[in-house]
Structures are given as structure tokens and as C-alpha cells.
Amino acid sequence: MQAQMLAPAAVLVVWTLIVLFWIIPYRFGAIAKVEDKSKLPSKTGVRGSDLEGVIPDKANWPAHNHTHLHEQPTLFYAVSLILAVVGAGALDVMLAWIYVGIRIVHSLWQILVNKIPVRILLFFASTTVLIILAIRALMATAFADPSLAPQ
């Protein structure tokens with residue numbers, strides 16, 4: 001089950017990269033459409049957040065989601081590794097896939113629609129799955145039988 005436990009994490013990494021590249025056409029397209037170029041940041045070292053309020057909100061949604069994919073999912077990666085090392089069960093793998101599926105739906109919703117009530121439900125659903133995975137990882141490590149370790 002070790003490789004199977006890592007597959008959902010690998011998919012989420014690839015999804016995060018897809019969202020990263022999704023930012024490019026949204027932001028650059030919006031920047032190109034700004035009629036008054038004096039409103040664009042002119043300082044050196046401009047960050048994406050400097051475009052808030054300058055380009056349409058929807059053009060920043062992929063970047064917002066990309067940031068979110070570097071927040072809570074980092075805990076998912078750690079839990080996935082822990083479970084892969086100690087030996088994930090079929091339930092762990094299934095929960096990992098559910099987590100990744102919900103996170104992808106969350107991304108699509110935030111980037112394309114971004115209605116907060118649905119986003120909150122998706123966030124809480126993925127958080128609940130992550131909590132269960134984290135507890136299972138804790139149980140698998142804290143209550144591991146040391147007599148089973150190779151000598």
C-alpha cells in the first residue's frame with residue numbers, strides 16, 4: 001500500500017502545478033486589458049498581490065487557489081508520507097483519494113465560480129478527511145508495536 005498511498009499526493013502535486021500555469025493566462029490577459037496602464041504597479045519587485053484591485057477579482061482567483069494549495073495540503077503530504085512509511089491500509093488510500101478529489105473540486109470551484117458558501121463546505125469536507133487521516137497516522141505511529149521493527 002505504500003506506493004498507492006503516495007499516488008494521491010503525487011496527483012495533488014501535479015494539480016498544484018496545473019493551477020500554477022492557470023494563473024498565467026488569467027493574470028496576463030487581465031493586465032493586457034487594463035486601459036489605464038498608470039494603474040498598474042510600476043515598482044521593482046511587483047508581487048501578484050499588488051494586482052489586487054487593479055485587475056478584475058476573477059483574474060486573481062487562480063493565484064488565490066494556488067496559495068491555498070500550499071497551505072493545508074502540506075499537512076496532507078506529511079500525513080501521506082507517514083502512512084506510506086508505516087504501512088497504509090486500504091482505508092487510508094481511499095481517504096487520501098477522497099481528500100485529493102475534494103481539493104480539486106475546491107480548486108475548480110474557487111477558480112471558476114468562487115461562491116463562498118460552497119467553498120466553505122468543500123473546505124470543511126476536505127479538512128474532515130484530513131483530520132481522520134492525521135488521527136490514523138498518529139495511531140499508526142504512537143501505538144506502533146516496537147517488537148515488529150526489524151532487529
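# A guided tour of a five-helix chain

Begin with the whole chain, which contains five helices and zero strands; helices (H or I, at least four residues) and strands (E, at least two) are DSSP runs, numbered from the N terminus. The model is predicted, so local features need pLDDT of at least 70 and side-chain atom pairs count only at pLDDT 80 or more, while totals for chains, interfaces and linings use all residues. Residues are numbered from 1 along each chain as its sequence is written, and side-chain values use heavy atoms, with hydrogens and water left out.

Keep the full chain in view. Its radius of gyration is 20 Å, well over the 15 Å that the globule rule gives for 151 residues, so the chain is more spread out than a compact globule. This radius is taken over C-alpha atoms, and the globule rule is 2.2 Å times the number of residues to the power 0.38. Along its principal axes, the C-alpha trace spans about 70 × 35 × 20 Å. Of the 151 residues, 34% are buried, where buried means under 20% relative accessible area, exposed over 50%, and partly exposed in between (1.4 Å probe, protein chains only).

Next, select residues 2-33, which form helix 1. This helix has 32 residues and reaches 48 Å from its first C-alpha to its last, close to the 46 Å expected at 1.5 Å a residue; the expected span is 1.5 Å times one less than the number of residues. Colour its buried residues, among them Met-5, Ala-9, Trp-15 and Arg-27. Then show helix 2 (57-68), helix 3 (73-86), helix 4 (90-112) and helix 5 (116-142), which are included in the cover over those buried residues.

Move to Ser-80 in helix 3. Ser-80 counts as buried because its relative accessibility is 1%. Apart from neighbours within four places in sequence, Ser-80 is in contact with Met-5, Leu-6 and Ala-9, contact meaning heavy atoms within 4.5 Å.

Finally, return to helix 1 and select Val-13. With 40% relative accessibility, Val-13 counts as partly exposed. Add Leu-17, Leu-20, Phe-21, Ile-24 and Phe-28: together with Val-13 they make a nonpolar surface patch of about 570 Å². Patches are made of residues with over 30% relative accessible area and no salt bridge (a side-chain nitrogen of Lys or Arg within 4 Å of a carboxyl oxygen of Asp or Glu); like charges are joined within 9 Å, and nonpolar side chains (Val, Leu, Ile, Met, Phe, Trp, Tyr) within 5 Å. Accessible areas come from the Shrake-Rupley method with a 1.4 Å probe, and for residues only the protein chains shown count as cover.
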